[in-house]
Each structure stands twice: as C-alpha cells, then as structure tokens.
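Work through the exercises below with the sequence and the coordinates at hand. Each task is followed by a solution in steps.

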Amino acid sequence: MKLVLTPEQTQLREAFAGLFASKCPTSLVRALKETDTFPEELWRALADSGAFGLPFAARYGGQDAGLFELGLLYAEAGARLCPNAVYDTLLFGLAVDRLGAEAHRQRYLPALCAGDLVAAVAAPNPSDALDLRPRLRAERTADGWRLDGVLDFVPYTSRTEVVLVTAVERAWSGPARVLGFLVRPGGPGWHAEPLTTIARDRCARVSLVDYAVADDAVLAGPDGRGLAEADLGWVAEAGVALQCMEMVGGARAVLDQTVDYVKRRHQFGRPIAGFQAAQHHVANLRIAIDAARLAAYSAVWWLGQGDRATRQVAIANRHCSEAYKWTTLHCHQLQGGMGYVRQTDLHLWSERAKVTELRGGDADVADRWLAREIGLAA
C-alpha cells in the first residue's frame with residue numbers, strides 16, 4: 001500500500017472536489033433537510049462525470065477503477081455533506097456486484113452507472129455493521145417467496161427504487177440458508193414508518209408482512225447454498241470503510257474552515273491564530289485527522305484486494321469517528337459564539353459527525369470487532 005496518491009488519483013480527487021464544491025453547496029444540504037426533495041442537479045453531474053460507475057467493470061458502463069478510488073470520491077463528498085442517497089446507491093452497486101449473479105449485475109449495474117437508479121442496502125444491523133444476522137424471515141411459496149420481519153433505519157426516500165435485504169430461509173429440512181432479496185418499495189405487505197435522524201436525514205422503519213418477491217430477485221450465492229458470510233462481511237466492511245473516508249473528508253473540511261476563521265478573526269488586537277492555545281488545538285486536530293486518513297486509506301485499500309479486512313476496518317472506524325466528532329466540537333469552541341449560531345454552517349457538519357459515529361457502530365463497537373479479530377473476545 002502506498003501512502004502517497006498517484007498523479008492520476010490526485011487529479012481524480014481534485015475533479016471530485018470541484019464537482020462537489022459547485023453542485024453541493026450548504027444551501028442544498030439545508031434544503032434537503034427541510035423538504036423531501038431530491039438533488040437532481042448533483043445527481044446528474046455525478047452521473048455525467050462517471051462517479052456512479054467508478055468501481056464497476058466497463059462491460060456494465062463502469063470505469064474499471066478500484067475501491068480506493070471510490071474512497072477518494074467519498075472523502076470529497078464528505079467534505080461537502082453529500083446527500084446519503086449517493087452513498088446508499090453506490091453501496092447497493094457494490095453489494096450486487098459482490099453477492100448477485102450475472103443476471104442481477106446486467107439488470108442493475110448499467111442503470112446505476114448511468115445514474116438512472118436510486119437504491120439502498122438494508123442488510124447490516126444499523127448499530128453494529130458486522131452483525132450479519134438477517135432481521136427477516138423468508139419462506140418458499142408456489143410462485144416465489146414471502147418475507148416477514150422488521151428493519152430499522154432503512155435508507156429510504158420517495159425516489160428509492162430497490163432495496164437489497166437479507167433473510168433467513170425457513171427451512172423444513174436441512175440447514176437454513178441466508179438469502180438476499182431485491183425488493184421494490186411499496187405494494188402489499190410493505191409498511192414504512194418515516195424516521196428522521198438527529199441530522200434530519202430521512203429513513204424509515206420498514207415492516208414486511210407476507211411481502212411477495214419473485215424468484216428472479218433472489219440472491220442465493222454462486223452454488224445456490226445461500227450467501228457466504230465472507231461475502232456478506234466484505235460488503236458490510238466496505239460500507240464502514242467508505243464511511244470512514246467520508247468522515248475524514250468532513251473533518252478536514254471543518255478544520256480548514258476553522259483555520260481560515262481564526263486567521264481572520266481578531267481579538268485583543270491580534271488574530272486568534274496567533275494565540276498558542278488555538279495553535280495547540282489546531283495542531284492536535286490535524287494530527288488526529290491525518291492518523292484517521294491513513295487508517296481509512298489502509299482499510300479501503302485492503303478491502304480493494306478482494307478479501308475482508310476486519311482489523312483495518314475496526315481501527316479505521318475507531319480513529320475516524322473519534323477524529324470527526326472531536327474536530328467539530330473543538331472547532332465550535334475555536335470559532336467562539338459564531339460557531340454556535342445556526343445561521344452559520346458549522347452545525348451541519350457536527351450533526352453529520354454524530355450520525356456517522358453511530359451508524360454501523362461507534363468506537364466501542366469497533367473495539368469489539370478488533371477484540372474478536374485478535375482473539376481477545378468470542
């Protein structure tokens with residue numbers, strides 16, 4: 001693993017930074033929190049740039065890049081508080097690419113790469129991403145399958161067209177399989193209760209009761225014996241690692257804004273940046289963000305090799321969630337009273353930092369992943 005970006009990766013990162021700076025202003029972020037609208041202009045710009053196809057094969061309309069390059073997109077998206085629908089759709093693509101059959105890839109990936117699909121994944125435990133136990137039950141019927149169960153905090157907007165879920169097969173003989181299902185929101189048996197996070201992101205608590213799914217929407221693994229734990233774990237870890245890249249981008253943006261502020265703001269006849277106490281805070285935050293960035297790079301790079309990287313993901317999640325949270329808290333203080341005024345934008349990053357810290361598991365949960373990985377816990 002190289003710690004320095006190649007010239008091509010640097011150009012890619014700069015291109016995405018320019019795109020998000022132009023198409024994802026904080027006015028858009030605020031508008032999306034207040035109304036159930038969709039970021040049409042940003043979505044189309046990402047599609048035109050090839051962002052949605054970045055990690056996928058050219059035969060599906062993708063760019064043949066790797067997971068690390070997708071992580072660079074996430075970092076620049078995090079710096080500008082990109083709407084979650086972008087992340088959810090990209091993770092759906094990764095999941096279908098890893099878990100689905102060729103027919104599923106041909107059906108969904110070309111549309112996703114073209115920006116013509118809005119999708120999500122609702123398989124991991126929202127409080128512990130590496131808890132891979134399905135929350136749904138599946139039963140075979142004469143004409144397909146029936147799903148039952150409840151899913152909390154499902155990424156769901158009025159534009160979501162398909163959600164990938166997992167379920168345990170109700171087997172009358174033999175071992176029960178874990179299966180994936182590509183479900184279409186709405187219809188008989190689908191009940192969605194709107195939820196709003198502390199960052200005012202929209203999601204839903206979805207109850208499925210005798211929800212019908214056709215055979216061609218079932219992901220049963222390459223041998224039909226169900227989805228392998230290794231593949232499910234890889235998808236979950238990829239989601240966490242990419243979220244770590246998002247957190248690094250957000251923390252970096254907050255610190256950069258605050259450094260600009262303390263250079264401009266004068267107190268006692270001199271810039272705040274001239275006070276040693278402020279300098280200490282900035283230096284400590286920069287060290288924490290750089291450590292988080294390197295940990296996130298490591299996690300995304302190792303997952304990009306094709307295998308699970310639980311140790312690297314646990315370390316990255318711990319560093320990144322703590323660095324993002326503490327950066328926003330200290331930057332509120334460095335900006336003084338203006339840092340706490342809601343008419344300014346800093347609170348938007350603070351809200352996102354708290355949500356991303358909790359989504360999929362906070363630092364304590366990551367510690368448990370690491371403890372199990374190195375044999376200190378069952």
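**Exercise 1.** In this predicted model, describe how the axes of helix α4 (residues 67-79) and α8 cross, and state which residues make the contact.

Solution.
- Step 1: the two axes, α4 and α8, come within 8 Å, and they cross at roughly 145°.
- Step 2: α4 contributes L67, F68 and L72, while α8 contributes Y297, V300, W301 and L303.
- Step 3: sorted by class, the contact of α4 with α8 has seven nonpolar residues, no polar and no charged.

**Exercise 2.** Determine the relative direction and the handedness of α7 and α8.

Solution.
- Step 1: the axes of helix α7 (residues 229-264) and helix α8 (residues 276-303) come within 9 Å, with a crossing angle of roughly 155°.
- Step 2: angles over 145 degrees count as roughly antiparallel, so α7 is roughly antiparallel to α8.
- Step 3: the α7 and α8 crossing is left-handed.
- Step 4: the contact of α7 with α8 comprises 19 nonpolar residues, five charged and no polar.

**Exercise 3.** Compare the span of α7 with the expected value, and decide whether Q243 is buried or exposed.

Solution.
- Step 1: from first to last C-alpha, the 36 residues of α7 reach 53 Å, close to the 52 Å expected at 1.5 Å a residue.
- Step 2: α7 is mostly covered, as 26 of its 36 residues are buried.
- Step 3: Q243 lies in helix α7. Its relative accessible area is 9%; buried means under 20%, so Q243 is buried.
- Step 4: leaving aside residues up to four places away in sequence, Q243 touches Y74, T356 and R359.

Note on methods
Residues are numbered from 1 along each chain as its sequence is written. This is a predicted model: local features need pLDDT of at least 70, side-chain atom pairs count only at pLDDT 80 or more; totals for chains, interfaces and linings use all residues. Side-chain values use heavy atoms; hydrogens and water are left out. Axes are lines fitted to C-alpha atoms, for helices over the stretch in contact, and angles run from 0 to 180 degrees between N-to-C directions. Helices (H or I, at least four residues) and strands (E, at least two) are DSSP runs, numbered from the N terminus. Angles under 35 degrees count as roughly parallel, over 145 as roughly antiparallel, 65 to 115 as roughly perpendicular and the rest as oblique. A crossing is left-handed if the near helix is turned anticlockwise from the far one by less than a right angle, and right-handed if clockwise. Ala, Val, Leu, Ile, Met, Phe, Trp, Tyr, Cys and Pro count as nonpolar, Asp, Glu, Lys and Arg as charged, and the others, Gly among them, as polar. The expected span of a helix is 1.5 Å times one less than its number of residues. Buried means under 20% relative accessible area, exposed over 50%, partly exposed in between (1.4 Å probe, protein chains only). Contact means heavy atoms within 4.5 Å.
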